[in-house]
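Here is a short tour for someone meeting this structure for the first time. Have a look at it below, and then we'll walk through some of its side chains and strands.

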Amino acid sequence: KLRRCVAGAFFSNAAKLGPQLGYKTIRGGADVKIHPFSVLHQQGAQWVVFHELVVSTQPYILGVCTVEPQWLSELAPHFYQFKGGKSKGGQDEGDDEDRSSKVQRTR
């Protein structure tokens, strides 16, 4: 429940693990890495929220917490939604693995 609360507070600072080493922020699409001092530095979490972005030799995110992607659309529906939305029965389309790749920022 604590991670979900953190996701609600920092929903606008979400990032998804990219195909390269590092993450891509959802807002702005910046390529970033988790700071080497973080315990999550080499964990490879699929989705994270972060407290701050610092730029030294490269852009690093600090104050990082792993989150579930569906939390973002549940806690901030004005900011995020699942691509494809809901099915007729009110269920999210796709399975859990599929859904994490379908979260997008609303415009």
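Let's start with phenylalanine 79, which is buried, with a relative accessible area of 11%. Keep in mind as you read that this is a predicted model.

Phenylalanine 79 has an aromatic partner, phenylalanine 11, which also counts as buried, at 19% relative accessibility. Their ring centres are 5.3 Å apart and the planes sit at 70°, so the pair is edge-to-face. The count of aromatic pairs comes to one. The two residues come from distant parts of the chain, 68 residues apart: phenylalanine 11 lies in the loop between H1 and S1, and phenylalanine 79 in the loop between H2 and strand S8 (80-82).

Both phenylalanines also belong to the largest nonpolar core, a set of twelve residues. Other members include Ala7, Trp47, Val49, Cys65, Trp71 and Tyr80. Strand S4 and helix H2 (69-75) each supply at least two residues of this core. There's a second, separate core too, with ten residues, among them Tyr23, Val32, Leu40 and Val64.

Now for the strands. Seven of them form an open sheet with mixed pairing, and the order across it is S5-S6-S3-S2-S1-S4-S7. Strand S5 (52-55) and strand S7 (65-66) are at the edges, each pairing on one side only. Further in, S1 and strand S4 (residues 47-49) run antiparallel and are joined by three bridges. Here you can find lysine 16 standing opposite tryptophan 47 in S4. Tryptophan 47 is one of the residues in the largest core as well.

What about asparagine 13, is it buried or exposed? With a relative accessible area of 13%, asparagine 13 is buried. Asparagine 13 sits in the loop between helix H1 (2-9) and strand S1 (14-17). Leaving aside neighbours within four places in sequence, its contacts are Arg27, Val48, Val49, Phe50 and His51.

How many salt bridges does the structure hold? There are two, and here they are side by side:

| Salt bridge | N to O distance |
|---|---|
| glutamate 74 and arginine 4 | 2.9 Å |
| lysine 24 and aspartate 31 | 3.0 Å |

The bridge between glutamate 74 and arginine 4 links distant parts of the chain: glutamate 74 is in helix H2 and arginine 4 in helix H1, 70 residues apart. Glutamate 74 is partly exposed, with a relative accessible area of 46%, and arginine 4 counts as partly exposed too, at 31%. In the other bridge, lysine 24 is partly exposed at 39% relative accessibility, while aspartate 31 is exposed at 54%.

Last stop: the cysteines. A disulfide is a covalent bond between the sulfur atoms of two cysteines. This structure holds zero disulfides. Why is cysteine 5 in no disulfide? The nearest cysteine sulfur, that of cysteine 65, is 9.8 Å away, and a disulfide needs the two sulfur atoms within 2.5 Å, so the pair doesn't qualify. The surroundings of these two cysteines differ as well: cysteine 5 is exposed, with a relative accessible area of 52%, whereas cysteine 65 is buried, with 13%. Cysteine 65 takes us back to the largest nonpolar core, where it is listed along with phenylalanine 11 and phenylalanine 79.

Key. Residues numbered from 1 in each chain as written. Predicted model: local features only at pLDDT ≥ 70, side-chain atom pairs only at ≥ 80, totals over all residues. Heavy atoms only, no water. Buried < 20%, exposed > 50% of the residue type's maximum accessible area, 1.4 Å probe, protein only. Helix = DSSP H or I, 4+ residues; strand = E, 2+ residues; numbered from the N terminus. Contact = heavy atoms within 4.5 Å. Pairing = 2+ DSSP bridges. Core = buried A, V, L, I, M, F, W, Y, C linked by side-chain atoms within 4.5 Å. Phe/Tyr/Trp six-rings, centres within 6.5 Å; stacked < 30°, edge-to-face > 60°. Salt bridge = Lys/Arg side-chain N within 4 Å of Asp/Glu carboxyl O.
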